[in-house]
Amino acid sequence: MGNWFYRFKFKYQRYAINNLAAYASICFALGYMMISTSFGGAFYFNRLAFTPAEVLHGQVWRIFTAILFPPSLGSLFSAVIGILIYYSFASSVESMMGEFEYNIYFFGSIFIGEIGTLIYYLITGVNAPFLPLYTHFAVFMALAIMYADATVLLFFILPVKIKYIALVEVLMYVWSFIFGNSFSYAYGLLYTRISIVAAFIPVIIFYCLTSSRNGGTGNIFKDIKRSMDQRKRRREWQNQWK
């Protein structure tokens, strides 16, 4: 990462939040209980959500209270499952990264998303809220980078490698980037595209740092090609002995 980061870490690591994954999950649970009611939902979007116009007019607490938005707004069951899955992924990432690094990654993902929403507001004048759904994506992608060949039970039944789930999710984001999603209808396609780009920035930075440290090129496309070439050569070598 460079000596500058280690100097930064040595100076500020005492301010890192221990067990951030657990505290974030508690915030999501509180946020779900709030937003699932009509009064609480209105209160969140009117007073707590990150909306650029209000933040620029001094309501800076919204930068931090935006985190209350949960991974799922469906039924209570789906919300509980979503938060538990998030915690299991996030705690694994936190233990592997280290608490200080995970603090930087988690809050950095949120701030990059908020900056993207602010840029969208400055370009279009549309006061769209930042919803940290894409931050959850960034955390999962960090897990997929570190544990690509690990297996999870999809729907608690089907064993699937994490890298394949990550690939499907990336393809879904690419589709949304090209054609839009439900947020595009409310705030415009540019809003969706800026949000997705902002979500990928911390993932790409993390991948480059991790790949370089583990002997990769730091370029995801070159690493994919090299991995495909290695598998091809392995199959050819195995076929020689059949």
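Trainee: Is the crossing in which α2 passes α6 left-handed or right-handed?

Mentor: Keep in mind that we're looking at a predicted model. Helix α2 spans residues 20-35, and α6 spans residues 76-97. Where α2 passes α6, the crossing is right-handed.

Trainee: And is α2 roughly parallel or roughly antiparallel to α6?

Mentor: The two helices pack at an angle of about 165 degrees, with 8 Å between their axes. Angles over 145 degrees count as roughly antiparallel. That angle therefore makes α2, relative to α6, roughly antiparallel.

Trainee: How many residues in the contact of α2 with α6 are nonpolar?

Mentor: Start with who takes part: α2 brings L20, A21, A22, A24, S25, F28, A29 and Y32, while α6 brings L76, A79, I83, Y86, Y87, A90, S91 and E94. Sort those residues by type, and two are polar and one is charged. The nonpolar count is 13.

Trainee: Let's zoom in on S25. Is S25 buried or exposed?

Mentor: S25 lies in helix α2, and the residues touching S25 from farther than four places away in sequence are I83, Y86 and Y87. Buried means under 20% relative accessible area. S25 has a relative accessibility of 8%, so S25 counts as buried.

Trainee: α2 packs on α7 too. Which of parallel or antiparallel roughly fits α2 and α7?

Mentor: Same approach as before. The angle between α2 and α7 is about 30 degrees, and their axes are 10 Å apart. Angles under 35 degrees count as roughly parallel. So the arrangement of α2 and α7 is roughly parallel.

Trainee: How many residues of the contact of α2 with α7 are nonpolar?

Mentor: From α2 you have L20, A21 and A24, which meet Y102, N103, F106 and F107 of α7. One residue of this contact is polar and none is charged. The nonpolar ones number six.

Trainee: Y86 is in the contact of α2 with α6. Which residues of α2 are among those that Y86 is in contact with?

Mentor: Skip the neighbours within four places in sequence, and the partners of Y86 include P71, Y102, F106, H136 and V139. The rest of the list needs to be matched to α2, which covers residues 20-35. The matches are A21, A24, S25 and F28.

Trainee: Which helix supplies the largest share of the largest nonpolar core?

Mentor: That core has 43 residues, and Y44, Y86, V93, Y102 and F106 have the most contacts inside it. Helices that each supply at least two of its residues are α2, α3, α6, α7, α8, α9 and α11. The largest share, ten residues, comes from α8.

Trainee: How many residues of the contact of α8 with α9 are charged?

Mentor: These two helices pack at about 145 degrees, with axes 9 Å apart, and α8 passes α9 in a left-handed crossing. The α8 side uses L133, Y134, F137, F140, M141, L143 and A144, and the α9 side uses I162, I165, A166, E169, V170 and Y173. Twelve of these are nonpolar and none is polar. The charged count is one.

Trainee: What about T192: buried or exposed?

Mentor: T192 sits in helix α11. Leaving out residues up to four places away in sequence, T192 touches Y134, S176, N181, F183 and S184. With a relative accessibility of 1%, T192 counts as buried.

Trainee: And F10, buried or exposed?

Mentor: F10 is in helix α1, residues 3-12. The C-alpha atoms of F10 and F100 are 9.9 Å apart, with their positions 90 residues apart along the chain. The cut-off for exposed is over 50%. F10 has a relative accessibility of 69%, so F10 counts as exposed.

Trainee: Which residue has a positive phi although it is not a glycine?

Mentor: Look at the loop between α1 and α2. The residue there is partly exposed, with a relative accessible area of 46%. Its phi is about 55 degrees, and the residue is N19.

Trainee: Stepping back, what percentage of the chain's residues count as buried?

Mentor: The chain has twelve helices and two strands. Among contacts with a separation of 6 or more, 65% join residues 24 or more positions apart. Out of 242 residues, the share that counts as buried is 37%.

How values were computed:
Residues are numbered from 1 along each chain as its sequence is written. This is a predicted model: local features need pLDDT of at least 70, side-chain atom pairs count only at pLDDT 80 or more; totals for chains, interfaces and linings use all residues. Side-chain values use heavy atoms; hydrogens and water are left out. Axes are lines fitted to C-alpha atoms, for helices over the stretch in contact, and angles run from 0 to 180 degrees between N-to-C directions. Helices (H or I, at least four residues) and strands (E, at least two) are DSSP runs, numbered from the N terminus. Angles under 35 degrees count as roughly parallel, over 145 as roughly antiparallel, 65 to 115 as roughly perpendicular and the rest as oblique. A crossing is left-handed if the near helix is turned anticlockwise from the far one by less than a right angle, and right-handed if clockwise. Contact means heavy atoms within 4.5 Å. Ala, Val, Leu, Ile, Met, Phe, Trp, Tyr, Cys and Pro count as nonpolar, Asp, Glu, Lys and Arg as charged, and the others, Gly among them, as polar. A nonpolar core is a set of buried Ala, Val, Leu, Ile, Met, Phe, Trp, Tyr and Cys residues joined through side-chain atoms within 4.5 Å. Buried means under 20% relative accessible area, exposed over 50%, partly exposed in between (1.4 Å probe, protein chains only).
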